[in-house]
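Here is a chain to explore together, with the sequence at hand and the fold on your screen. Let's walk through it one piece at a time.

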Amino acid sequence: MKRKLKDGIIAIQDGKGGVYDYAAFFLAELSQLKFKPKVITGQSVPEIIIDGHKVISFASNNVLGLGVDSSVLEKSAKFLKTYGTTCGGSRLVSGNLTIQEELEHKLAEFMNKESCQLFMTGYMANEGVLLALSQRISLLRSRKLDERVVILSDRENHISIVNGCWLAKQVNNADVRFYRHRNMVHLEKLLEKYKDYERKLIVTEGVYSMLGDIAPLDDIVKVAKKHGAFIILDDAHSIGIFGKAGRGTSEKFNITADIDLIIGTFSKAFGGVGGFVVSNKQIVDFLKVQCSTYIFSSALPPSVVGGIEEALLKISNGSHLRKKLWKNVAYVRKMLKKIGYNLLSSHSHILPICIGEESLASTISRDLLEKGIFLPEIRWPAVSKGKSIMRCMVTALHEQKHLDKLIQSLKEIYETRMAPK
Ligand SMILES: Cc1ncc(COP(=O)(O)O)c(C=O)c1O
């Protein structure tokens, strides 16, 4: 049987265990996606080289600039020279170096929590935590726990949370429900529905990664307390940036003690790579022996650990960086709104410029690149179909001339492509 796919490409399958043209199938899928990431030369912010041309990047998560900070680089190089390129394996086997434990210690102290656990990425922390905390077969005691588990996840949560939920459902038979974005009435209704369940896990981002809006954490705490639920906060986009000391949204809301478990990443404000969890000691000790994405994966390499340790110090003393970032963000927000752009309900440094049609977003991104600005469009599946955005990431490293060039370019584009005729 031949199946005609889009753009004239044909996948061949006979349905009887015969020939199946895998290449044709994947090519046809790929042809829907008409997106090829740009190849960047040099560092990540603010000026980068694409196809031999210098452009200003407004797409990097390296928002405080720590990924190119000289003392972060020095510490990273020092750890590389001292300890080599690898920790030698998984933490449970051979990768548990003192430098790993020391970094965990410092992170726990910084976040005002008892214990910390490092992960290779924030993605792996999210998936691993949701799978481990919804566990219904005790790996340690080799028996089935007669406990029902429900995970209640905000509908706009990151894909690593969504996939963690599906894994928990598949592997642990957990119930999974996605509550309407930031909607406490819906969350409470679901908690009421599952009131007899032993474990009720609420999972939310602090700052939502695409829309830049902020979770109503104070209300989530109230609802969770009322219904005996456990709160998991993915604060990937907020730690280092929100709160007086940079501890994230839990500090901003002054509710760190009420959040049961916080997940962070080093790939944003820390300017590196890796993830971590902070919580009380029992929970972290449990995760360290039950979390498959931790147990069955290598430990973070020494160069990363060194860089992150220094970045943490910079974040702790980083009020000047945050001040510069917020000043830049406020300026760009004000000017873009003045031009007429819709920034949705962002209240953070993530500025989602609402475009809508995917083809228009691609055109604008191309126009911008021609004007010397790198700001790729964000399309489905990262956002809903037909709700494309330009996700503008202003950083503390951008200078006034960079911001003015962005604003002038977006102004010209608005006038030619977006302004109502
Ligand atoms: C909200 C959120 N959580 C988790 C992650 C994953 O982080 P990492 O890059 O460390 O895998 C991201 C990354 O984009 C994110 O935006």
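The tour below goes from the sheets to the helices that pack on them, then to the ligand and a few backbone details. Please keep in mind that what you are looking at is a predicted model.

Let's begin with the sheet of seven strands. It is open, its pairing is mixed, and its strands follow the order β6-β14-β13-β12-β11-β9-β10. At the edges you will find β6, residues 115-119, and β10, residues 175-179, each of which pairs on one side only. If you compare neighbouring strands in this sheet, they are turned by 20° against each other on average, direction ignored. For one pairing in detail, look at β9 (residues 149-154) and β11 (residues 199-205), which run in the parallel sense and share five bridges. Within that pair, I151 sits opposite L201 in β11.

Which strands does α7 touch where it packs on the sheet? They are β11 and β12 (230-234), and the direction of α7 makes about 175° with that of β11. Another helix to find is α3, residues 98-110, which lies across β6 and β14 (275-279) and runs at about 125° to β6.

Helix α7 also has a helical partner. Two packed helices are described by the angle between their axes and the distance between the axes. For α6 (residues 184-193) and α7 (residues 217-227), the angle is about 15° and the axes are 11 Å apart. Angles under 35 degrees count as roughly parallel, so α6 is roughly parallel to α7. Their crossing is right-handed. To see the contact itself, select M184, L187, E188 and L191 on the α6 side, which meet D219, V223 and H227 in α7. Sorted by class, the residues of this contact are four nonpolar, one polar and two charged.

Now turn to the other sheet on this tour. It is an open sheet of three strands, with antiparallel pairing and the order β15-β18-β17. Why is one side of β15 and of β17 left without a neighbour in the sheet? Both β15 (350-356) and β17 (377-378) stand at the edges and have a single partner strand each, so one side of each stays without a neighbour there. Six bridges join β15 to β18 (residues 388-393) in the antiparallel sense, and I350 stands opposite M393 in β18. Helix α13, residues 358-370, lies across β15, β17 and β18, and runs at about 35° to β18.

Next comes the ligand. There are 14 residues around it, and those that come nearest are T121, G122, Y123, S209 and T265. Helix α4 (residues 122-133) contributes three residues, the largest share of this shell. In terms of class, the shell has 10 polar, two nonpolar and two charged residues.

Two backbone details round off the walk. Most residues other than glycine have a negative phi, and most peptide bonds are trans. Against that background, look at the peptide bond from W380 to P381, which is cis with omega near 10°. P381 lies in the loop between β17 and β18, two strands of the three-stranded sheet. The other detail is D51, which has a positive phi of about 50° although it is not a glycine. You can find D51 in the loop that lies between β4 (47-50) and β5 (53-57).

Conventions. Residues are numbered from 1 along each chain as its sequence is written. This is a predicted model: local features need pLDDT of at least 70, side-chain atom pairs count only at pLDDT 80 or more; totals for chains, interfaces and linings use all residues. A residue is near a molecule or strand if its C-beta atom, placed from the backbone, lies within 6 Å of it. Helices (H or I, at least four residues) and strands (E, at least two) are DSSP runs, numbered from the N terminus. Ala, Val, Leu, Ile, Met, Phe, Trp, Tyr, Cys and Pro count as nonpolar, Asp, Glu, Lys and Arg as charged, and the others, Gly among them, as polar. Two strands pair if DSSP finds at least two bridges between them. Two residues are in contact if their C-beta atoms, placed from the backbone, lie within 7 Å. Axes are lines fitted to C-alpha atoms, for helices over the stretch in contact, and angles run from 0 to 180 degrees between N-to-C directions. Angles under 35 degrees count as roughly parallel, over 145 as roughly antiparallel, 65 to 115 as roughly perpendicular and the rest as oblique. A crossing is left-handed if the near helix is turned anticlockwise from the far one by less than a right angle, and right-handed if clockwise.
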